[in-house]
Each structure stands twice: as C-alpha cells, then as structure tokens.
Amino acid sequence: MSLNPAEFRKAMGCFATGVTILTVDLDDEVHGGVHAGVHGMTANAFASVSLDPPLVLVCVDRQASTHAHLHAKKRFGINVLSEDQRAISEYYARADRRDTDAESVAGARFDRTRHGTPVLRGSLAYLECQLRSAEDAGDHTIFIAEVEDVVVREGNPLVFYRGQYRKVGEDVVK
Ligand SMILES: Cc1cc2nc3c(=O)[nH]c(=O)nc-3n(C[C@H](O)[C@H](O)[C@H](O)COP(=O)(O)O)c2cc1C
C-alpha cells in the first residue's frame, strides 16, 4: 500500500517544532550590480545529532537555492525564532522573495559573527555552523554541521504545529 503524501504531511505536522532561519553570507557575490548580502531560508527540519563533537543536522530540499549555497559556502547560521518573529518565518519561506527586501518587508536585520557569518537580530538563539557532511535522502539532503559557537537569549520560541504558528502553552501538570 503506497502512503498518501497528504497523510504523511499531516502526521509530521503533529510533531510540534520550533522554527529556524538558515543564514548564509553571499556578500562576495554581486547580483544585478548590488552585493547579494544575506541569504535566508525558513527551516524546521533541524535536530541535534551529537554532543561531542557538537553536531546538528538540517534537511534541505534539493530544489531550494539554499541547498547550493550551503554546499558552496560551508559556514552558516541557524537562528531559532522567537514568538514575535512570525513575519520573518513567513518571508523566508516565500518562493518570490528577494533577500534584499527582508528588512523592509519582514523586519529582518542581521549582525555578523567574527567569522562574518550573518545571524538574525532578536532570535531566541543562534548556532554558528561549519558544514561537515551532506547525505542525499530522497528529494532532500541531510546537512550535518559542527557547531562552533552559540548565543542564547531570554524569551519564548515561535512554534510550528499542524501547519500553524503557535506560542508555547502552559506547563503540563503531573
Ligand atoms: C515552517 C516552515 C518550515 C520549513 N522547513 C523547511 C525545511 O526544513 N527544509 C526545507 O528544505 N524547506 C523548508 N521549508 C520551505 C522553505 O522555507 C521554502 O521552500 C523556501 O522558499 C526555500 O528557499 P530557497 O529556495 O531560497 O532556499 C519550510 C517552510 C516553512 C513555512
């Protein structure tokens, strides 16, 4: 019996996740006469892999432009969104976006680490990552990266659950 894709998506949507923006520096590239700046992409297929060394994974669609950027640049940021950053998540999931409009449309602003990696201002946490390996898996690629630095801030996460953005709820009472 072949699995219904809609049912598969629905089942995966029951697994509540946070939301991240993957950020890659493209400032050395000039597109249409202007420096390309920061490329971002919304991703929730993100997980911890190993503590020693500290490794994480992200799964990226082989059709996504981010796929080629991660292979080419190797160093990138994973920014965990806070609950007030929904517009940024929506923006970086749009196929018709232009990276140069991210600030004016969604309020996304970036800082640079000492390695020059762009990281999103106001995120709940960021991880600065260096690509270690890439494994194709169906229509996606699993990128495994070593975490070189992290910054964690106060606040609450943006949650994605059953196709909707949410805030974290109450503690579960025993
Ligand atoms: C909440 C949410 C989570 C997403 N997670 C992923 C993901 O983990 N991997 C992926 O390849 N695309 C994911 N997407 C879709 C990409 O953000 C979207 O296809 C984006 O336009 C790709 O951009 P790019 O072509 O510039 O790389 C997600 C979208 C949303 C709204």
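**A walk through the sheet, the ligand shell and three backbone spots**

Start by selecting β6 and β7: these two strands pair in the antiparallel sense, over 4 bridges. Within this pair, A47 stands opposite L57 in β7. Keep in mind as you click around that this is a predicted model.

Now widen the selection to the sheet. It is an open one of 7 strands, in the order β5-β2-β8-β11-β12-β7-β6, with antiparallel pairing. β5 and β6 (46-50) are the edge strands; each has a single partner, so one side of each is left without a neighbour in the sheet. Look along the strands and you should see the twist: neighbours are turned by 35° against each other on average, direction ignored.

Next, add the helices that lie on these strands. α2 lies across β2 (20-25), β5, β7, β8 (75-80), β11 (125-137) and β12 (140-152), and runs at about 55° to β2. α3 lies across β2 and β5, at about 100° to β5.

Show the ligand now. Which elements each supply at least two residues of the shell around the ligand? They are β5 (38-43), β7 (55-61), α2 (65-73) and α3 (86-93). There are 17 residues around the ligand, and A43, A45, D61, A64 and T66 come nearest. Colour the shell by class and you get 11 nonpolar, 5 polar and 1 charged residues.

Three backbone spots deserve a stop:

- **P53**: go to the loop between β6 and β7, where P53 is found. The peptide bond from D52 to P53 is cis, with omega near 5°.
- **K74**: this residue sits in the loop between α2 and β8. Its phi is near 70°, a positive value in a residue other than glycine. K74 has 14 other C-beta atoms within 10 Å, so it is partly exposed.
- **R162**: find it in the loop between β13 (159-161) and β14 (164-166). Here, too, phi is positive in a residue other than glycine, near 50°. R162 has 11 other C-beta atoms within 10 Å and is therefore exposed.

Finally, zoom out to the whole chain. It has 4 helices and 14 strands, and its C-alpha trace spans about 55 × 40 × 40 Å along the principal axes. For 174 residues, a compact globule would have a radius of gyration near 16 Å, and the chain agrees with its 16 Å. Colour by burial and 28% of the residues count as buried. Of the contacts with a separation of 6 or more, 62% come from residues 24 or more positions apart.

Conventions. Residues are numbered from 1 along each chain as its sequence is written. This is a predicted model: local features need pLDDT of at least 70, side-chain atom pairs count only at pLDDT 80 or more; totals for chains, interfaces and linings use all residues. The radius of gyration is taken over C-alpha atoms; the globule rule is 2.2 Å times the number of residues to the power 0.38. A residue is buried if 20 or more other C-beta atoms lie within 10 Å of its own, exposed if 12 or fewer, and partly exposed in between; C-beta atoms are placed from the backbone. Two residues are in contact if their C-beta atoms, placed from the backbone, lie within 7 Å. A residue is near a molecule or strand if its C-beta atom, placed from the backbone, lies within 6 Å of it. Ala, Val, Leu, Ile, Met, Phe, Trp, Tyr, Cys and Pro count as nonpolar, Asp, Glu, Lys and Arg as charged, and the others, Gly among them, as polar. Two strands pair if DSSP finds at least two bridges between them. Axes are lines fitted to C-alpha atoms, for helices over the stretch in contact, and angles run from 0 to 180 degrees between N-to-C directions.
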